[in-house]
Amino acid sequence: METSVTPTHCPYCALQCGMNLTPAAGGGVTVAERVDFPVNRGALCGKGRTAPTLLSSALRLTEPLVRRDGVLVPASWEEALDRIAEGLTRTRTEHGPDACGVFGGGGLTNEKAYALGKFARVVLGTSQIDYNGRFCMSSAAAGNKAFGLDRGLPFPMEDIPKTGCVILVGSNPAETMPPALRYFTELKENGGTLIVIDPRRTRTAEQADLHLAPRPGTDLALALGLLHLVVSQGRTDEAFIEERTSGWEETRAAAMAHWPEYVERITGVPVPQLREAVRMFCEPSDAMVLTARGPEQQSKGTDTVSAWINLCLATGRSGRQYSGYGCLTGQGNGQGGREHGQKADQLPGYRKLTDPEARRHVAGVWGVDPDSLPGPGLSAYELLDALGTSIRSLLLMGSNPVVSAPRAGHIQQRLESLDFLAVADVVLSETAALADVVLPVTQWAEETGTTTNLEGRVLLRRQAVTPPQGVRSDLYVLHQLAARAGVEKGFPVDPEEVFEELRRASAGGIADYSGITYQRLAEENGVFWPCPAQDGDQSDSDQSDSDQSGDARPLSAVHPGSPRLFLDRYATEDGRARFAPVTYRPLAEEPDAEYPVLLTTGRVVSQYQSGAQTRRVDELNAAAPGPFVELHPRLAARLGAGEGDAIVVVSRRGRAVAPARITTSIRPDTVFMPFHWPGEGRANTLTNPALDPTSRMPEFKACAVRLEVAVQG
């Protein structure tokens, strides 16, 4: 590239930290601070700082691979693409379009996610498409129906230090998104208070004014108990409830069944701590609740999120600046990835696939008959579970379910049973190693595209380096496969051209990007959606839903964007937020005599998700070289285990082995394992795929296990 300094964004978490890339002596790039980007203000964690390491050809795929005689060997792009086209065509011919599956990722750019959803529905004609973001914050997305709009944070991160109290539920930003921790530090410096709810005393919990350590899987009871105390202490905001909400009486009655002593028995959190949390939350005029995977990755995750939203609504901590409920999205484009069509039940613009008007609008942009679009398909785990049975071929982009899916051993077997598997990825992940065809594709600094961070801020990632000669973009892959299927137009390779179509497809939808352009993103450091085009008729035949008045003015990007939502009204039909009357229910799998301990899983600071990328970086591996089992000294004593001893963890789905890490920072009835590694230490071998009935989120965060000390020799 000719530009000496390229402002862009980190490829990892949903903060999408700004960074500058500069050419390095001898090739490659180095990372420099980018202080003008407001989210991280120049700060980077170790993952972001070392991200350019993976640009090295020695660490990543640089040529297509095809399976011959059971072995993956190099091949030309023509052969690899032909094989994929033949495999998918054969499946469609022999078993029908729904026998073809498509699985995407929360790290794909908006352009890729949009094109992948379009490819599945227009070229393959299949309903069977979902993505790994289902495992990220689908429960929060479902709970956000209370507001009529699902955006992770309805306010920018800069508002957090200005509120009076934050309840942080099941989140450990000190390790999962370290640059975000400064917001909570500044909150305390400004006189605010931080309450952290986590079964472990994490690095984040150590910063809290109050740490509540509930038994895993009981966050729902905890939230209900807090709401009970709010009501009994007369701390509800009756004027706000009357003017801006609906459904309170049923919700109030449900909460009153969860008195403090009952909640203490369920959660293990003492009643005095419950009362203190209510005092800290209600005394300041402004407060927030922020959730992450802890309460969301449960078979009752949607109800749990709804209970925390109820707490905000009942106290009037919503619908105004410096107050509200938000979700800390995990993956780099976890927000944008679910807005534009790679989710099983959605069309671009966060439109419902079952809505006739949504189908008409998107079909008009795509130039197809609305009736030709398939209906909703299976959710992520259900899709993976159907591999080799109803789904015979799979095209997978940017995901590694062999490590990241619940009941991972079973999912690996399902992948191995497919008639045909094609994977497009940067590295030869554990999932790619099972494929019939592997395509090497561009990564963050080698391509231009947009992502949407946890605030709903749409960002422009700029290309900084030229990819290796044998590497192509995912958009190129979809263009070539569409052409081989006889669809010559509609799948451009240029990302800005794809984004222009995405703008038209999203126009009038909940996630309206029609007023956003690449130029604006470059000039304004990102734009918050919804951002409709003002006065916007599109000159093609695909008018947006809001442009049916007959105006023929050109698309105009003058809307300022929406950094703060719900200040005047919610996005529901009547403008009121909806309470949800929820009640506590136990885990799908409670401990018993055979499996007496609870396992919870999570991340460590120096690895990311399935580790497919970060495990290839020496500096990160030196800091976090492998899996471990974190357990309390009392539990270790009962087992006769010492520090570093190999611990066998057994669930109803399999076994994992990892060294003991003994600490008082975890409950005595709970063990913790990070999920970044494959092999015998794979935590997701153990996890429970029980699904939330609404969000279809698996219960990653709690399952029953037994422990043994491995016999040496």
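This is a stop-by-stop tour of a predicted model, with residues to select at each stop.

**Stop 1: the first hairpin**

Select residues 18–23 and 29–32, which are strand 2 and strand 3. The two strands run antiparallel and are joined by four bridges. To check the register, pick Leu21, whose bridge partner in strand 3 is Val31. Strand 2 and strand 3 form a hairpin, with five residues between them. In the turn, select Gly26, which has a positive phi of about 85°.

**Stop 2: two positive phi values outside glycine**

Go next to Gln16, in the loop between strand 1 (6–9) and strand 2. Phi of Gln16 is near 50°, a positive value in a residue that is not glycine. Is Gln16 buried or exposed? Gln16 has a relative accessible area of 1%, so it is buried.

Then select Arg41, in the loop between strand 3 and helix 1 (46–49). Arg41 also is not a glycine, and its phi is positive, about 50°. Arg41 has 35% relative accessibility and therefore counts as partly exposed.

**Stop 3: helix 2 against helix 18**

Select residues 77–95 for helix 2 and residues 474–484 for helix 18. Their axes come within 10 Å and cross at roughly 60°. Helix 2 is therefore oblique to helix 18. The crossing of helix 2 past helix 18 is right-handed.

Now show side chains. On helix 2 the contact is made by Trp77, Glu78, Leu81, Asp82, Ile84 and Ala85. On helix 18 the contact residues are Tyr476, Val477, Gln480, Leu481 and Arg484. Sorted by class, this contact of helix 2 with helix 18 has seven nonpolar residues, one polar residue and three charged residues.

**Stop 4: a sheet of three strands and the helix across it**

Select strands 19, 20 and 21, which form an open sheet in the order 19-20-21 with antiparallel pairing. The edge strands are strand 19 (449–452) and strand 21 (527–528), each pairing on one side only. Strand 20 covers residues 457–461, and four bridges join strand 19 to strand 20. For one point of the register, pick Gly449, which stands opposite Arg461 in strand 20.

Add residues 110–124, which are helix 3. Helix 3 lies across strand 19 and strand 20, and runs at about 95° to strand 19.

**Stop 5: a cis peptide bond**

Which residues are joined by a cis peptide bond? Select Trp529 and Pro530: the bond between them is cis, with omega about 0°. Pro530 lies in the loop between strand 21 and strand 22 (577–578).

**Stop 6: Leu378**

Finish at Leu378, in the loop between helix 14 (356–366) and helix 15 (380–385). Leu378 counts as partly exposed because its relative accessibility is 27%. Leaving aside neighbours within four places in sequence, what is in contact with Leu378? The contacts are Gln128, Ile129, Asp130, Ala344, Leu383 and Ala386.

Last, draw a distance from the C-alpha of Leu378 to the C-alpha of Gly101. These two residues are 277 residues apart in sequence and 9.7 Å apart in space.

Methods:
Residues are numbered from 1 along each chain as its sequence is written. This is a predicted model: local features need pLDDT of at least 70, side-chain atom pairs count only at pLDDT 80 or more; totals for chains, interfaces and linings use all residues. Side-chain values use heavy atoms; hydrogens and water are left out. Axes are lines fitted to C-alpha atoms, for helices over the stretch in contact, and angles run from 0 to 180 degrees between N-to-C directions. Angles under 35 degrees count as roughly parallel, over 145 as roughly antiparallel, 65 to 115 as roughly perpendicular and the rest as oblique. A crossing is left-handed if the near helix is turned anticlockwise from the far one by less than a right angle, and right-handed if clockwise. Contact means heavy atoms within 4.5 Å. Ala, Val, Leu, Ile, Met, Phe, Trp, Tyr, Cys and Pro count as nonpolar, Asp, Glu, Lys and Arg as charged, and the others, Gly among them, as polar. Buried means under 20% relative accessible area, exposed over 50%, partly exposed in between (1.4 Å probe, protein chains only). Two strands pair if DSSP finds at least two bridges between them.
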